[in-house]
Amino acid sequence: AAARRAISAPEGVRPSRVVLCPSRPDLVPDPPHDGVGIEWFADESHIERFDDWLVGGAGRSAAEGLEATLSGPGQPVVVADEVVARGADWLAARWADGRDRLKHMAVAQRAEGLTPQAFSEQWRARAGTVGSPTGRALVIPERARARTYVQNHPRPAPAGGWPYDAVNEVYFDGARADADLVLG
């Protein structure tokens with residue numbers, strides 16, 4: 001319902017892309033959320049046009065519906081900047097053909113005492129690596145990498161902060177095609 005409301009905005013106002021990513025309990029048991037909705041905007045003025053539409057007469061009913069959808073418990077919202085760390089060409093082709101793909105999403109909160117900026121910088125610097133029992137970062141082997149890796153870095157938080165400090169996306173052709181890949 002929230003995705004449908006977002007795409008009801010007029011041309012030039014509606015998000016550039018809107019996706020609904022349902023959870024797959026068959027692949028990841030007990031997911032923390034039923035799904036994730038994502039909206040993309042070209043730039044600040046695009047976001048402002050959408051926000052203006054939401055509070056104006058034509059978008060008011062959509063805004064009320066979005067608010068009702070997102071205001072319940074367990075309905076976190078994070079406003080972030082997308083950083084495609086690897087696989088930009090594959091991702092562009094994926095958006096162009098529109099076929100379904102499997103995307104593994106993960107969310108994280110920063111360690112206590114670490115600022116959002118420091119967390120974001122560390123996360124960017126460690127893209128393509130995983131931790132090891134020794135504490136050293138190990139490079140993820142090419143054969144285990146997914147098609148695309150995206151980091152969504154939250155924008156400066158409003159009062160109360162964001163519920164998550166990181167939202168990442170790892171794209172695959174499908175559950176069976178990339179079953180031998182390590183998620184994350």
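Student: Why does R155 count as partly exposed?

Tutor: The relative accessible area of R155 is 25%, and since buried means under 20%, exposed over 50% and partly exposed in between (1.4 Å probe, protein chains only), R155 counts as partly exposed. This is a predicted model in which local features need pLDDT of at least 70 and side-chain atom pairs pLDDT 80 or more, whereas totals for chains, interfaces and linings use all residues. Residues are numbered from 1 along each chain as its sequence is written, and side-chain values use heavy atoms, with hydrogens and water left out.

Student: What makes the contact of E44 with R155 a salt bridge?

Tutor: The closest N and O atoms of E44 and R155 are 2.3 Å apart, and the term asks for a side-chain nitrogen of Lys or Arg within 4 Å of a carboxyl oxygen of Asp or Glu, so the pair qualifies as a salt bridge. E44 lies in helix α2 and R155 in the loop between β7 and β8, so the salt bridge ties together parts that are 111 residues apart in sequence. E44, at 40% relative accessibility, is partly exposed.

Student: Why does the pair R110 and D165 tie together separate parts of the chain, and which of the two terms, buried or exposed, applies to D165?

Tutor: The side chains of R110 and D165 meet in a salt bridge of 2.6 Å, N to O. R110 lies in the loop between β4 (102–108) and α5 (116–125) and D165 in the loop between β7 and β8, so the pair links parts 55 residues apart in sequence. R110, at 32% relative accessibility, counts as partly exposed, whereas D165, at 15%, counts as buried. Elsewhere, salt bridges that share partners join E44, D81 and R155 into one network.

Student: How do you know that strand β7 is largely enclosed by the rest of the structure?

Tutor: Six of the seven residues of β7 (residues 148–154) are buried, so the strand is largely enclosed; a strand here is a DSSP run of E with at least two residues, and a helix one of H or I with at least four, numbered from the N terminus.

Student: What makes β7 a partner of both β3 and β8?

Tutor: Two strands pair if DSSP finds at least two bridges between them. Six bridges join β7 to β3 (residues 80–86) in an antiparallel arrangement, and five join β7 to β8 (residues 166–172), also antiparallel, so both pairs meet the criterion. In the pairing with β3, E82 stands opposite N152, while T148 has Y171 in β8 as its bridge partner.
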